[in-house]
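Thanks for coming. I have a few minutes on salt bridges and one helix packing, so let me put the structure up.

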Amino acid sequence: MEVSVLFQTLFRTVATIMKALWTAGVLFLVNVVFAGVYPNFRTSLEFKRKYDEKEWWETASFYQIYPRSFKDANGDGVGDLLGIRDNLAYLKEIGISATWLSPIFKSPMADFGYDIADYYQVDPIFGTMEDFDALIEKSKEVGVRIILDFVPNHSSDEHEWFKKSAARDPEYKDYYIWHPGKMIDGVRHPPSNWISVFRGSAWTWHEGRQEYYLHQFLAKQPDFNFRNPKVREALRDILRFWLGKGVSGFRIDAVPHCVEIAPDANGNYVDEPRDQNNNDPDDYGYLNHIYTKDQPETLDLVYEWRKVMDDWQNEHGGETRVLLTEAYSPIEILMKYYGNGQTNGAHIPFNFLPLEWLSNNSDAYHYAQTFNTWLSNMPEGKRANWVMGNHDNNRIGNRLGKDRMDSINIMLKTLPDISVTYYGEEIGMTDVWISWNDTQDPAACNSNPDIFEKFSRDPERTPFQWNDGKNAGFSTADKTWLPISDNYKTVNVKNQRGVARSHLNIYKELQNLRNQPTFKFGKSEVKAVSNHVLAIVRKLSGEKTYVALLNVMGEQENVDLTCCLQNIPSLLQYELVTDKSTMRKGDNVSSKSIKLAPYEAVVLGGSPSSLENYFSYFINA
């Protein structure tokens, strides 16, 4: 009776497949039936699996370089373009698809390049345009694409456009946001109560023009007026120039700040309401920024910039040039960055939920909620991305714990689609304490010695640690622009290349796994299997199933995957282990009983059943 039922099930399954694939000319389904009944039978016909092709960026590994801190080629203590060029092979070694560079344009460096004085020139501290061309040439040779950091919200006050605007040049007088201010009891006051991200009023008086200008960041960073069509076109021209130089796309800085509410009928700006939880009137958090952030017109700018990318590709050919956007905004707004159904937006709206939601105390359910929030809100057909660190946030080891550094990289590389790594996270670099006297970050310098550490981003921007030599191999200078970490003797690339389970080698193994079809084309499931253990499951019909298991807490755990995950192979194999693991790569384990040491993270793999393998040939053919 059982054999009869088996045959009925087999033939029903075969009939379903035949109906679905008849027009494809599949003629040998009977071979599958015989293979299922007689295990030693092998069909002589092989079917090649086919998957939907994906563009380069859809499963890419991006890597952020802070140019001042990556590699100093000329010995002045500051990183430069030739230092990057000379080390692109390292990025290729660790599996990077593209690297985005924090700003390299000509700048007085009031905000380390985010105050641009000329969008068409390279700042001398980083090199020359010839150095940039050499970088592009080398990038094409090595196969690591270059993404530039584009800053559209503001320029430097030393930019020619601002100087001309301040002088009321007819062509440029409305390039920036100007206002005469308010007269109260005979005293002139700023136009509104708006506060700068870097503390204090967002309005500064200009003696020459006799008006206030708006700056949501430093006073040396005046905001553009995006209600002026000439400004929009001028900035689009900048994008086209650098596309012509050979870049593969742009990361767009501070997008939510680009547009403010328009003035009222009398030409005045509305005050923003108080945040009652903040009592520091100079602090950015003192106000709720309902008029200076996330205005609806901001999305139109993103769509315009995407059109520049698409138009360029249509005209010049080649692979897709991508748009990456920075926005710390509510999830419902971020999803609109992808597009509106009729118009495409950013290819990659950066996903900062891991930076904003996760902490040293987060349990597995919190991790699962963080990742699934993005996945469940993402529009159909778009690609997810995962950002675990950047130049504005403490490093992973300080924010989430040194014991979790490998775990975070495993999450980063096994979650679907796109990963973004901040330089140094692949070797486990951590924040460096910087004294008040050595502090460079304007966000901190605008405060005072008692509170500067709360605002400083210098600790996560220190020089990259290449080896155990002078200045960690970063520079031959006597003094580097920021101090080198004291741990560079052990935490460096050279040392970790020779240690089997080092952070670097774990990272490289993960990159190799990402090249498997399951990770490129498979489905994903993110689930907490207990309070302390997170599972990331990747499946693809006919291919190996992978399960990343991460114990995010400091207690030993024993988990049964069959109780909470469906269709998991009964026998799994260790595909990747860390220095916290007692198991070895290649060891087998039952999916019903898997032990995890405190903070241990592993990747397990299991093959589908033989019958599933046979059917998958037809399904994927």
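**Salt bridges and a helix pair**

I'll start with a network: salt bridges link Arg232, Glu233, Arg236, Asp237, Arg240 and Glu304. Keep in mind that this is a predicted model. Over the whole structure, the search returns 38 salt bridges. I will go through three individual pairs.

The pair within a helix is arginine 306 with aspartate 310, whose side chains form a salt bridge at 3.0 Å, N to O. Both sit in helix α8, residues 297-316, and because they are 4 residues apart there, about one helical turn separates them. As for burial, arginine 306 has a relative accessible area of 11%, under the 20% cut-off, so it counts as buried. Aspartate 310, at 21%, is partly exposed.

Next, aspartate 392 and arginine 461. Their side chains meet in a salt bridge, with 3.1 Å from N to O. This pair links distant parts of the chain, 69 residues apart: aspartate 392 lies in the loop between β14 (385-387) and α12 (396-399), and arginine 461 in the loop between α15 (452-455) and α16 (493-497). Is arginine 461 buried or exposed? Its relative accessible area is 2%, so arginine 461 is buried. Aspartate 392 has 23% relative accessibility and is therefore partly exposed.

The third pair is glutamate 158 and lysine 220, a salt bridge in which the closest N and O atoms are 3.2 Å apart. Here too the partners come from distant parts of the chain, 62 residues apart. Glutamate 158 is in the loop between β5 (145-150) and α6 (160-166), while lysine 220 is in the loop between β10 (211-214) and α7 (229-244). Glutamate 158 is partly exposed at 38% relative accessibility, and lysine 220 is partly exposed at 28%.

Now the helix packing. Two packed helices are described by the angle between their axes and the distance between the axes. For helix α13 (residues 405-414) and helix α17 (residues 503-514), the axes come within 10 Å and cross at roughly 15°. That angle is under 35 degrees, so α13 and α17 are roughly parallel to each other. The crossing of α13 past α17 is right-handed.

Which residues of α13 and α17 make the contact? From α13 there are Met405, Asp406, Asn409, Ile410, Leu412, Lys413 and Thr414. From α17 there are His503, Ile506, Tyr507, Leu510, Gln511 and Arg514. By type, the contact residues split into 6 nonpolar, 4 polar and 3 charged.

That's it from me.

Terms used
Residues numbered from 1 in each chain as written. Predicted model: local features only at pLDDT ≥ 70, side-chain atom pairs only at ≥ 80, totals over all residues. Heavy atoms only, no water. Axes fitted to C-alpha atoms, helices over the stretch in contact; angles between N-to-C directions. Helix = DSSP H or I, 4+ residues; strand = E, 2+ residues; numbered from the N terminus. Parallel < 35°, antiparallel > 145°, perpendicular 65-115°, else oblique. Left-handed = near helix turned anticlockwise from the far one by under 90°. Contact = heavy atoms within 4.5 Å. Nonpolar A, V, L, I, M, F, W, Y, C, P; charged D, E, K, R; others polar. Salt bridge = Lys/Arg side-chain N within 4 Å of Asp/Glu carboxyl O. Buried < 20%, exposed > 50% of the residue type's maximum accessible area, 1.4 Å probe, protein only.
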